[in-house]
Amino acid sequence: SFTTSGATMTKPGWAQILSGYNSEVMGIRDNTDYRPLPAGYSVLEKLENHFGPENIVTLFVAGKRDHVGGLCPGEMGEVKGQPWCLTKRSLDCFENGLDTNERVGQRALELLEIHRHDRFFAFFQFAEPDHAGHAFGENSIQYSQAIVDDDRWLGKIMAKLRVLVIYRQTLIYVITDHGFNEGQHTHGNAPCGFMAAKDRQVIRSGDRKDLAPTILKRYGISLEGRNGIPPVDGRPLDEPLFCMHPQ
């Protein structure tokens, strides 16, 4: 995946991934220039509106705290309002600040068990390898081990879906909100990340804002604007970016 709108930082990254809008439309440009994502802009809210709250379960579980936070202005000293201040009101589960992969992963497994018979959309965000990169550097053994641990937990989640006999019915997307500067402790200019999908209709790599429209399209939800909410800026990953003319 790559980034063409907004800073290569956590606040605009996950807001863009889960909404499909450019940073200017969201009003979330970097980790210091932000506001709450406007109500109704996220994939999770659009799913709730499309199916009805009684027909889908929306789960948001994050390792990080402030940059994927839901504090509104005036709460615990928050001034601007964190990105998920408005969105969290529509969700069945909003938990952030779990910190470690172990806590995020175990909570993910618990929620999958609970909602095995429900239609669900689940967002599980692991804080690694970002924490390790900031602490030890991108080329450190700790950074590499953190990526391996992410992969280990992905395997556990996939195994759980198999045990619950819902693996075949579940689409899985794995994506990073940004990359990391080569050999450094920061990601101020790191637009290249990765994206992988258990989705046979995906035909290309894409921008981080392309994942949201891909998911919306899978659920049969229009990508056009309605009720004061603008059309998404990203394009579904089952559509080519350029038309090839026959020779």
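The expected span of a helix is 1.5 Å times one less than its number of residues. Helices (H or I, at least four residues) and strands (E, at least two) are DSSP runs, numbered from the N terminus.

The model is predicted: local features need pLDDT of at least 70, side-chain atom pairs count only at pLDDT 80 or more, and totals for chains, interfaces and linings use all residues. Residues are numbered from 1 along each chain as its sequence is written, and side-chain values use heavy atoms, with hydrogens and water left out.

**Exercise 1. Compare the expected span of α6 with the distance between its end C-alpha atoms.**

Step 1. Helix α6 covers residues 141-163.
Step 2. At 1.5 Å a residue, its 23 residues should span 33 Å.
Step 3. The end C-alpha atoms of α6 are 33 Å apart, which agrees with the expected span.
Step 4. After the helix comes Val 165, which has a positive phi near 60°.

**Exercise 2. Find the buried residues of α6 and the elements they pack against.**

Step 1. Apply the cut-offs: buried means under 20% relative accessible area, exposed over 50%, and partly exposed in between (1.4 Å probe, protein chains only).
Step 2. The buried residues of α6 are Tyr 143, Ala 146, Asp 150, Trp 153, Ile 157, Lys 160 and Leu 161.
Step 3. These residues pack against α4, β3 (120-125), α5 (130-136) and β4 (172-175), where contact means heavy atoms within 4.5 Å.

**Exercise 3. Describe the packing of α4 and α6.**

Step 1. Two packed helices are described by the angle between their axes and the distance between the axes.
Step 2. Axes are lines fitted to C-alpha atoms, for helices over the stretch in contact, and angles run from 0 to 180 degrees between N-to-C directions.
Step 3. For α4 (residues 101-114) and α6, the angle is about 10° and the axes are 10 Å apart.
Step 4. The angle makes α4 roughly parallel to α6; angles under 35 degrees count as roughly parallel, over 145 as roughly antiparallel, 65 to 115 as roughly perpendicular and the rest as oblique.
Step 5. From α4, the contact includes Asn 101, Leu 109, Leu 112 and Glu 113, and from α6 it includes Ala 146, Trp 153, Ile 157 and Lys 160.
Step 6. The contact residues divide into seven nonpolar, three polar and seven charged. Ala, Val, Leu, Ile, Met, Phe, Trp, Tyr, Cys and Pro count as nonpolar, Asp, Glu, Lys and Arg as charged, and the others, Gly among them, as polar.

**Exercise 4. Which parts does the salt bridge between Glu 113 and Lys 160 tie together?**

Step 1. Side chains of opposite charge can pair when their charged atoms come close.
Step 2. A salt bridge is a side-chain nitrogen of Lys or Arg within 4 Å of a carboxyl oxygen of Asp or Glu; the structure holds twelve.
Step 3. Glu 113 and Lys 160 form one of them, at 2.6 Å from N to O.
Step 4. Glu 113 lies in α4 and Lys 160 in α6, so the pair ties together parts that are 47 residues apart in sequence.
Step 5. Glu 113 is partly exposed, at 33% relative accessible area, whereas Lys 160 is buried.

**Exercise 5. Are Arg 204 and Asp 210 buried or exposed?**

Step 1. Their side chains meet in a salt bridge of 3.3 Å, N to O.
Step 2. Arg 204 has a relative accessible area of 14% and is buried.
Step 3. Asp 210 is buried too, at 5%.

**Exercise 6. Place the pair Arg 235 and Glu 239 in its network.**

Step 1. Arg 235 and Glu 239 form a salt bridge at 3.8 Å, N to O.
Step 2. Arg 235 is partly exposed at 35%, and Glu 239 is partly exposed at 26%.
Step 3. Both belong to a network of salt bridges that also links Asp 199, Lys 217, Arg 218 and Asp 238.

**Exercise 7. How many residues are buried in α1 and in α3?**

Step 1. In α1 (residues 10-17), eight of the eight residues are buried, so the helix is largely enclosed by the rest of the structure.
Step 2. The buried residues of α1 pack against α2 (23-26), β3, β4 and α7.
Step 3. In α3 (residues 43-51), seven of the nine residues are buried, so this helix is also largely enclosed.
Step 4. Those of α3 pack against β1 (57-62), β3 and α7 (211-218).
Step 5. Gly 52 follows α3 and has a positive phi, near 90°.
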